[in-house]
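Here is a friendly walk through one protein chain, taken a few places at a time. Please keep the viewer open as you read.

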Amino acid sequence: MGEIKASPDYNWFRSTVPLKKIIVDDDDSKIWSLYDAGPRSIRCPLIFLPPVSGTADVFFRQILALTGWGYRVIALQYPVYWDHLEFCDGFRKLLDHLQLDKVHLFGASLGGFLAQKFAEYTHKSPRVHSLILCNSFSDTSIFNQTWTANSFWLMPAFMLKKIVLGNFSSGPVDPVMADAIDFMVDRLESLGQSELASRLTLNCQNSYVEPHKIRDIPVTIMDIHLLQFHGTKYAAIDPSMVSAEELEVQKGNFSISQEEQ
């Protein structure tokens, strides 16, 4: 129990990457927490949005690996918002505060849904250059809880945590997966009642993503996703970290893909 939290990698991350807290709304209680790592010269970074049970540091391994390769990565923990429009407006203000016109978004579960809603929200003046979605969804009706969404704020924290924990695997898993689950449970315990209630509300509140508003945004699998932007102004990696050979290979792959289409 607690293998990841006690690991050298996690301790190195927490000791080298500062946690920043930013307020962008008039309500001083709405505090965005974030880790911003990698070259500040990158103006189109990769931003991670966590699932219901996650905090910004659940992406620490991705941050350590990607920044080591020259990427700028920002991992967020969103404050309490009770509807998608309110979240999107707050996120837009955060990007304005960080002076980021366009970003790549990686979202896990609820984070992926919110990433899509933000892309939809800003479709007339695009702020999202690409999306990476992990175990996400585009319609909250799949949870069959839209009728209870507005009552989460009344529930005590232990009941909300029980709802979230019900989605975790309870059967036999390999040691690596078991450690990951333990880490996520630990992160869940750090969230307060209002944070959990608001996230579950956003997760289950009746809503869907309007596909025609995000149809021009690239969505690809994570391990090759950002390669397509190497050598462009939307690259999330320091150009000096990309070899000429990599760029040539990427251009060749892009040409093949275009011909297939």
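The report below starts with the whole chain and then visits single helices and residues.

## The chain as a whole

This is a predicted model. The chain holds nine helices and six strands, and 45% of its 261 residues count as buried. Among contacts with a separation of 6 or more, 78% come from residues 24 or more positions apart.

## Helix H2 and its buried face

Helix H2 spans residues 60–68, and its buried residues are Phe 60, Ile 63 and Leu 66. Viewed down the axis of H2, these buried residues fall within an arc of 140°, so they line one face of the helix. The spacing is a familiar one: an α-helix has 3.6 residues a turn, so residues three or four places apart point the same way.

What covers the buried residues of H2? The cover includes two helices, H1 (8–16) and H6 (175–189), along with strands E2 (32–37), E3 (46–49) and E4 (73–77). After H2 comes Gly 70, with a positive phi near 100°.

## Where H4 meets H7

Helix H4 (residues 110–121) packs against helix H7 (residues 193–204) at an angle of about 65°, and the two axes are 10 Å apart. The crossing of H4 and H7 is left-handed. On the H4 side, Leu 110, Phe 113 and Leu 114 make the contact, while H7 contributes Arg 199, Leu 202 and Asn 203. Sorted by class, this contact has four nonpolar residues, one polar and one charged.

## Glu 120, a buried acid in H4

Staying in H4, have a look at Glu 120, which has its place in this helix. Is Glu 120 buried or exposed? With a relative accessible area of 9%, Glu 120 is buried, because the limit for that label is under 20%.

Which backbone atom lies 2.6 Å from a polar atom of the Glu 120 side chain? It is the backbone nitrogen of Glu 210. Glu 210 also appears among the contacts of Glu 120 beyond its neighbours within four places in sequence, together with Tyr 208, Val 209, Lys 213 and Ile 214.

## Asp 25 and Lys 30 in the E1–E2 loop

Two charged residues share the next stop. Asp 25 lies in the loop between E1 and E2, and Lys 30 is found in that loop too, between strand E1 (19–22) and E2. Asp 25 counts as buried at 13% relative accessibility, and Lys 30 is buried with a relative accessible area of 9%.

The side chain of Asp 25 is joined to that of Tyr 81 by a polar contact of 2.5 Å. Setting aside residues up to four places away in sequence, Asp 25 touches Lys 30, Trp 32, Tyr 81, Gly 90 and Lys 93. Asp 25 and Leu 94 are 69 residues apart in sequence, yet their C-alpha atoms are 8.9 Å apart in space.

For Lys 30, a polar atom of the side chain lies 2.4 Å from the backbone oxygen of Val 80. Val 80 is also one of the residues that Lys 30 touches when residues up to four places away are not counted; the others are Ile 22, Ile 23, Asp 25, Pro 79, Tyr 81 and Glu 86. Tyr 81 thus appears in the contacts of Asp 25 and in those of Lys 30.

## Val 103 in strand E5

Val 103 is found in strand E5 (residues 103–108) and counts as buried, at 0% relative accessibility. Leaving aside neighbours within four places in sequence, Val 103 is in contact with Cys 44, Pro 45, Ile 47, Leu 95, Arg 127, Val 128, His 129 and Ser 130. The C-alpha atoms of Val 103 and Arg 43 are separated by 7.8 Å, although the two residues are 60 residues apart along the chain.

## Two asparagines with positive phi

The last stop is the loop between strand E6 (128–134) and helix H5 (157–165), where Asn 135 is found. Asn 144 is in the loop between E6 and H5 as well. Asn 135 has a positive phi of about 50° although it is not a glycine, and phi of Asn 144, also a residue other than glycine, is positive and near 55°.

Are these asparagines buried or exposed? Asn 135 is exposed, with a relative accessible area of 68%, and Asn 144 is exposed as well, at 60%.

Notes. Residues numbered from 1 in each chain as written. Predicted model: local features only at pLDDT ≥ 70, side-chain atom pairs only at ≥ 80, totals over all residues. Heavy atoms only, no water. Helix = DSSP H or I, 4+ residues; strand = E, 2+ residues; numbered from the N terminus. Buried < 20%, exposed > 50% of the residue type's maximum accessible area, 1.4 Å probe, protein only. Polar contact = N/O pair within 3.5 Å; in protein donor to acceptor, adjacent residues only side chain to side chain. Contact = heavy atoms within 4.5 Å. Axes fitted to C-alpha atoms, helices over the stretch in contact; angles between N-to-C directions. Left-handed = near helix turned anticlockwise from the far one by under 90°. Nonpolar A, V, L, I, M, F, W, Y, C, P; charged D, E, K, R; others polar. Arc of directions from axis to C-beta.
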